[in-house]
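User: Please give a close look at a single part of this structure, and place it within the whole for a first-year student.

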Amino acid sequence: MRHSPWILIPLFFCSGCAIHPLGPLDKAPKHQAAKLTGYHGFAWGISTASLQYENRAEKPGDPNYFLRDWDLLVQQKKAPIVGNALYTWSDFDKDLAALKKIGVTHYRFSIEWARVEPQPGRYNEAALRRYVAMCRKLKEAGIEPVVTLWHFSFPAWLTDPHDSKKVNWLHPLARERWNLYVSKVVRATSPYVNYYAPENEPNGQVLTAYIAGLWPPCHILDFAGYKAATIASADMFRDAAYRIKEIKPSAKVVSVEALPWWKHGPLDPGGLIYNTVQHSNFDHLDRIYDVCDIIGFNYYYSQMAGPISFLSESYRHGHHFTMMGWRIDPASLGKQIRYVAKRYDKPMMITENGIATLNDPKRIEYLHDHMAQIRKAMDEGYDVRGYFVWSLADNYEWHYGYIPKFGLATMDPVTRDRVLKPSAKYYHKVIKTSQSEQKVQVDP
Ligand code: BGC
């Protein structure tokens, strides 16, 4: 029997979902997060980033005045003004006070490359000393610093204004200057630092820069640029890992990749979109996992791979979505942990997880349900070594400016103190409970 060829059309467009039907999502068992034991040495952390928190110290004309690629984007009116963010450069002690109150064991923050090296080969030694002091103060407070060496922003001198193919990862000076920067920073901070994350979400950054066209060099659907930048960022990650181990062999190298959980969606012929986004999840990590001690990844949401879901992001609201329009899906964090464990077979850390919301009870529920999934996976034997909430306080959220509220705290505009929200107190309780259980386990 012969079918009309027209019957193939709906099959073609639905093939993604037909081949891989969506399974039912698990419901997170509510009682488990409170019982997180924090298995011996579990890292209870918070993550932040320099550009999203720090103010500037120098004015234009000062030899240490620095510009980042992001500042160029702001100048071109393609991104909102950063301003003084949370004044963390002047007020690090306020961040520290909040971290102590919350009781975290680990704190991930980043070093601003442009601040340390405002011009190629010209270092701001005082700035580097201040970063070292931050690490020391954290250590003295009993908090392990986890130092990110690059969190999205590059020195503006890695932008060739005449050739957008020579920007950031792909600038002719990038690799050589990066290696010197990494060695310098690691040598200075290593007395206080046991964990280094060379790069934050390079996979997400490269996608946003070369496919979505939103981050420098703002290329749209430039697959050749995407591939070249992926390879260059992976090579630079490997260089950094090598230098970290050379300077401090006991230090742990941690990846930080953006790993949303992708689902097959409609209007995805042959699963083309699904496969593309899966590639964007793993292309970088596949190239560097072997030099990592810990596979760290950031998980926020799950998403259908397809045009409807991509175009409707900013219109999605309600209980199941965050302020960003991201779908809240804790069970898929569990799936991602299992998937990453199978793919790389290494210890893992959730290096960011959090929610933009004005509704703090919703934040508590979000954190609770995600931690419950981690616990469930750990109980099954998956090796998760830590969990980091994004973020300490409401901060600058890239293209969205100061509108999304990801913080466990907010900044008092007058005193600049970090005022803890109930979610910070909730996280404090989870940490304390887990530690007392750990004590019982160690010393029954
Ligand atoms: C990034 C952060 C960002 C957060 C929330 C992560 O992709 O590392 O810089 O603020 O997600 O969007």
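Analyst: Among contacts in the protein chain between residues at least 6 apart in sequence, 78% join residues at least 24 apart, a contact being a pair with heavy atoms within 4.5 Å. The model is predicted, so local features need pLDDT of at least 70 and side-chain atom pairs count only at pLDDT 80 or more, while totals for chains, interfaces and linings use all residues. Residues are numbered from 1 along each chain as its sequence is written, and side-chain values use heavy atoms, leaving out hydrogens and water.

The protein chain holds 14 helices and 13 strands; these are DSSP runs (H or I of at least four residues for helices, E of at least two for strands), numbered from the N terminus. Of its 444 residues, 58% are buried, that is, under 20% relative accessible area with a 1.4 Å probe, counting protein chains only. The chain exposes about 18,800 Å², of which carbon and sulfur atoms supply 60%; the areas come from the Shrake-Rupley method with a 1.4 Å probe.

The part chosen for closer study is strand 1, which spans residues 43-47. Because 5 of its 5 residues are buried, strand 1 is largely enclosed by the rest of the structure. Its two faces are both covered: A43, G45 and S47 lie buried on one side, and W44 and I46 lie buried on the other.

Strand 1 also has two neighbours to consider. It runs parallel to strand 11 (residues 384-389), to which 4 bridges join it; strands count as paired if DSSP finds at least two bridges between them. In this pairing, I46 has V389 of strand 11 as its bridge partner. Strand 1 likewise runs parallel to strand 2 (residues 106-110), with 3 bridges between them. Here S47 is partnered by R108 of strand 2.

Strand 2 leads to another feature. A search of the whole structure finds 1 cavity of 30 Å³ or more, a cavity being a set of points on a 1 Å grid where a 1.4 Å probe fits but cannot get out. About 60 Å³ of space lies in the largest cavity, a volume being the space filled by probe spheres set on the points. Its lining residues, which have an atom within 4 Å of a point, include T48, A49, S50, Y53, E54 and M134. Two elements give two or more residues to this lining, helix 2 (50-53) and strand 2. Strand 2 provides the largest share, 3 residues. By class, the lining has 6 nonpolar, 4 polar and 1 charged residues.

Technical notes: Buried < 20%, exposed > 50% of the residue type's maximum accessible area, 1.4 Å probe, protein only. 1 Å grid on protein atoms, 1.4 Å probe; cavity = no way out; pocket = protein on both sides within 12 Å on 5 of 7 lines; lining within 4 Å. Nonpolar A, V, L, I, M, F, W, Y, C, P; charged D, E, K, R; others polar.
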